[in-house]
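Biologist: I should like to learn how to read the features of a structural model. May we take them one at a time?

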Amino acid sequence: MTDTAGADTAAATETHFRTCPLCEATCGLEITTRGAEVVRIRGDRDDVFSHGFLCPKGSTLKQLHTDPDRLRRPQIRRGEGADATWEEVGWDEAFAEIERRLLPLLDEHGRDAVALYLGNPTVHNLGAGIYARALITALGSRNLYSASTVDQMPRHVSCGAMYGSPDTIPVPDLDRTSYLLMLGANPYESNGSLCTAPDFPGRLEAIRARGGRVVVVDPRRTRTAKNADEHVPIRPGTDGHLLLAMVHTLFAEDLVSAGLDPALYSGVDAVRDAVEPFSPEAVADHTGVGADTIRRLAREVAAAESAAVYGRIGTNTVAFGTVASWATDLVTALTGNLDRDGGMMFPLALTAARGAGKGRGFTTGRSTSRVKGHPEVRSEYPIATLADEIQTAGEGQVRALITFAGNPARSAPNSGRLDAALATLDFMVCIDPYRNETTRHADVILPPPDALQKSHYDLAFNTLAVRNVANYSPPVFPVDPAEQPAEHTILARLALVLSGMGATADPAVIDGLVLDRVLGRATKPGGVAEGRTTADLVGELVADDGPEQVLEAMIRTGAYGDGFGADPDGVTFQTLIDHPHGLDLGPLGPRLPEVLKTPSGQVELAPAAFLADLPRMLAAMDEPRDGRLTLIGRRHVRSNNSWMHNVDVLVKGKERCTLQVHPDDAARLGLRDGGRAEVVSRVGQVVAPVEVTDEILAGVVSLPHGWGHDAPGTAMAVAEAHAGVNANALTDDAPLDPLSGNAVLNGVPVTVAPA
Ligand SMILES: Nc1nc2c(c(=O)[nH]1)N[C@H]1C(S)=C(S)[C@@H](COP(=O)(O)OP(=O)(O)OC[C@H]3O[C@@H](n4cnc5c(=O)[nH]c(N)nc54)[C@H](O)[C@@H]3O)O[C@H]1N2
Ligand SMILES: Nc1nc2c(c(=O)[nH]1)N[C@H]1C(S)=C(S)[C@@H](COP(=O)(O)OP(=O)(O)OC[C@H]3O[C@@H](n4cnc5c(=O)[nH]c(N)nc54)[C@H](O)[C@@H]3O)O[C@H]1N2
Ligand code: SF4
Ligand SMILES: [Mo]
């Protein structure tokens, strides 16, 4: 669409439709440009999923695009510490430097000497979603880390054991449920996670408007809690106990659904026996939730026409994260709410393949980390142990690090220690648009194109969405690949360097390998294009760029696809191009047993490893309380982990990085609203502004993560002016959820005193 040019420029006005890549909600944006300028960004009212919804971050793709601190050219650090200077170099020079520095390290110390960390935006990124694997393969190191172990790894492990694949994750059927029990999630601020639902608040309000009920379990009376029918305050880290007591009640009161098919669900009796010690009375003091309330919640879920039990950060990033995640699905399954309309359901994404209903299942611990012996989970070790691996000498010590879209110096527990460890590395390369607390330690920074310069497709979040939808966005401002290589090209070139093919090798080699893997599956016996050659299929692709071609191959060979002509009515890449506001594939439908990948072909309700973790939960109930406060985190809608505090419109106004303290605690400790408090944990100390509020449970304090932008050597001027303090200077890297390796970011013992 174009209109008459303005007086000051001959450029035409154009409208682009694009999915916002900043969080999991996947809102559709309508972006108006004039030449190289963004005129306006607003919600796309015609988007099939978000219908015009947008949070305050969505429009800041404009500010991110023009941010003078955003890196546009590769940077090489010369010198150390305070004397370091940064030189802007060309892309060939940057890759040559990486080859020169990294290959000798690999030769001398082996592949495990180089670690890789993948940060959160990796999953919001089509190029990375498809090419990260090529980098991992080329690197060949066991030292793989990601934001998953400060986030949702417990959910992968619980779903892996129950359904056979760590990516088979049920989501609440928000738009049809009549009862939602939500634990440790605050979608009014976060816009939802492991549950892609643009305008999550609106969808919650709709549950209540149609006569349903929303109950929020959280130590804080959050905006989500205030807008619910009921808020149940809970002591941090005890959701697993609460949920097992609900399961206890289901058995004790004969509320387990009579309709559970014994051929489909295995382990009901084992669960009944295992939860025996977790009566509501037994857990009431530990959780801070009365036995009557626990029983009532169990009865309400069982009695509801349909019910979904949904847990997130507050249930995952705790000492019993995996058990808590398992227990949410136990309550759902035992009340007959798994895989039914309005319950917890399994999405079927456009790129998904239909399953066989059986598989090899999911295992962890195929290797263990060198220093602390943590089991591998999804080929990763806990990010909490990366500092151990860097700082402990010996065979296999980590001496170099590659980060992609991550800021572990602010997002990982005991980040003060990790930050110090990063400074000791022999070599570090970061693919990142900013020089921040992590990337300041890099030897080479490779900046990716910004969101408006790249295409987008939500490979990950469509598999977690409350409606089956798909939306492809072409770049708004295409860039000259010589000036600014695409993100997948950066990954491909790095992969070529790591595999010894050289800094000047043609990245098209990697494109071919990645594409062949997907098409190879289709042409195999039993594949949708059995009998044809991959070259033949490549010839039929409409897309011309690497990731798009792979995406096209996935779509055409996927559950809705045209099978390269086998089903002429099936979806193609062209179908997506023809639907700039998204392709609506309809509400979620039942998928059991086809979605299962367990060897038994059943839903495993009682995985042995989870039952074996229950004594640890019982022991926690007997631990004496020592009078310290318990630290939890929080999010604000104008933040996004650690990296959007350089956007002026998001950080201006009232200070948001405050320590929230209950009035009783404030009075006891002599803290006053607006004063400053020193917060001390086992590993660190910060001084933060105090906010006295009865929204937080007494005995609990809250500090948001992702702040602390006052480190020397960064180059984010706005963030530095709104530095805040780093909550992860306080979180501990020692205690983990042993089943998933996830860090304990909520429920950290601290002492607080006036500063
Ligand atoms: N605006 C904004 N949006 C974001 C992000 C952001 O940083 N800012 N980050 C994105 C990312 S990466 C993610 S993973 C998602 C996370 O999405 P959510 O899981 O919704 O994240 P939070 O808002 O942190 O909500 C966690 C809630 O758990 C509560 N809590 C803490 N400990 C406990 C506990 O032991 N039990 C219970 N029941 N509750 C507890 C906290 O008080 C908080 O209200 O948000 C995403 N969206
Ligand atoms: N205490 C506490 N700690 C937490 C949490 C908590 O609730 N409490 N939440 C945890 C959670 S859920 C998460 S997901 C992690 C997040 O932690 P991380 O993933 O480590 O970090 P982010 O803060 O998301 O920073 C993202 C980085 O990616 C860069 N980046 C942004 N866009 C792009 C892009 O398109 N390409 C590339 N290559 N880089 C890009 C940014 O500049 C930044 O350096 O934090 C965790 N840490
Ligand atoms: S809710 Fe998430 S996807 Fe939607 S506009 Fe905000 S940041 Fe973007
Ligand atoms: Mo996250």
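**Reading the ligand sites**

Modeller: Let us begin with a single contact: a polar atom in the side chain of E487 is 2.7 Å from a nitrogen atom of ligand 2. Please bear in mind that this is a predicted model.

Biologist: Which nitrogen contact of ligand 2 involves R635?

Modeller: The side chain of R635 places a polar atom 3.1 Å from a nitrogen atom of ligand 2. The backbone takes part as well: an N or O atom of the A405 backbone is 3.3 Å from an oxygen atom of ligand 2. A pair of N or O atoms is read as a polar contact when the two lie within 3.5 Å.

Biologist: How much of the area that ligand 2 exposes when taken alone is buried by the protein?

Modeller: Ligand 2 taken alone exposes 910 Å², and the protein buries 96% of that. The ligand is surrounded by 30 residues, the closest being N120, S411, D432, E487 and S642. By class, the shell around ligand 2 holds 14 nonpolar, 11 polar and 5 charged residues.

Biologist: How many residues surround ligand 1?

Modeller: There are 31 residues around ligand 1, with S190, D218, G237, D239 and N641 the closest. They divide into 10 nonpolar, 13 polar and 8 charged residues.

Biologist: Which polar backbone atoms should I examine at ligand 1?

Modeller: A polar backbone atom of G237 is 2.6 Å from an oxygen atom of ligand 1. For V217, a backbone N or O atom is 3.0 Å from a nitrogen atom of ligand 1, and for V637 a polar backbone atom is 3.4 Å from a nitrogen atom of this ligand. Ligand 1 exposes 920 Å² when taken alone, of which the protein buries 98%. Two or more residues of its shell come from each of α5 (187-190) and α12 (313-316).

Biologist: Let us turn to accessibility. Is R77 buried or exposed?

Modeller: R77, in strand β4 (residues 75-78), counts as buried because its relative accessibility is 12%, and the cut-off for buried is under 20%. A polar atom of the R77 side chain is 2.8 Å from the backbone oxygen of A442, and one is 3.3 Å from the backbone oxygen of H441.

Biologist: Why does L513 count as exposed?

Modeller: L513 counts as exposed because its relative accessibility is 54%, and exposed means over 50%. This residue belongs to helix α18 (residues 508-523). Together with M501 and V509, L513 forms a nonpolar surface patch with about 280 Å² of accessible area.

Definitions and conventions:
Residues are numbered from 1 along each chain as its sequence is written. Chains are lettered from A and ligands numbered from 1 in the order in which they are written. This is a predicted model: local features need pLDDT of at least 70, side-chain atom pairs count only at pLDDT 80 or more; totals for chains, interfaces and linings use all residues. Side-chain values use heavy atoms; hydrogens and water are left out. A residue is near a molecule or strand if one of its heavy atoms lies within 4 Å of it. A polar contact is a pair of N or O atoms within 3.5 Å; within protein, one must be able to donate a hydrogen and the other to accept it, and residues adjacent in sequence count only if both atoms are side-chain atoms. Accessible areas come from the Shrake-Rupley method with a 1.4 Å probe; for residues, only the protein chains shown count as cover. Helices (H or I, at least four residues) and strands (E, at least two) are DSSP runs, numbered from the N terminus. Ala, Val, Leu, Ile, Met, Phe, Trp, Tyr, Cys and Pro count as nonpolar, Asp, Glu, Lys and Arg as charged, and the others, Gly among them, as polar. Patches are made of residues with over 30% relative accessible area and no salt bridge: like charges are joined within 9 Å, nonpolar side chains (Val, Leu, Ile, Met, Phe, Trp, Tyr) within 5 Å. A salt bridge is a side-chain nitrogen of Lys or Arg within 4 Å of a carboxyl oxygen of Asp or Glu. Buried means under 20% relative accessible area, exposed over 50%, partly exposed in between (1.4 Å probe, protein chains only).
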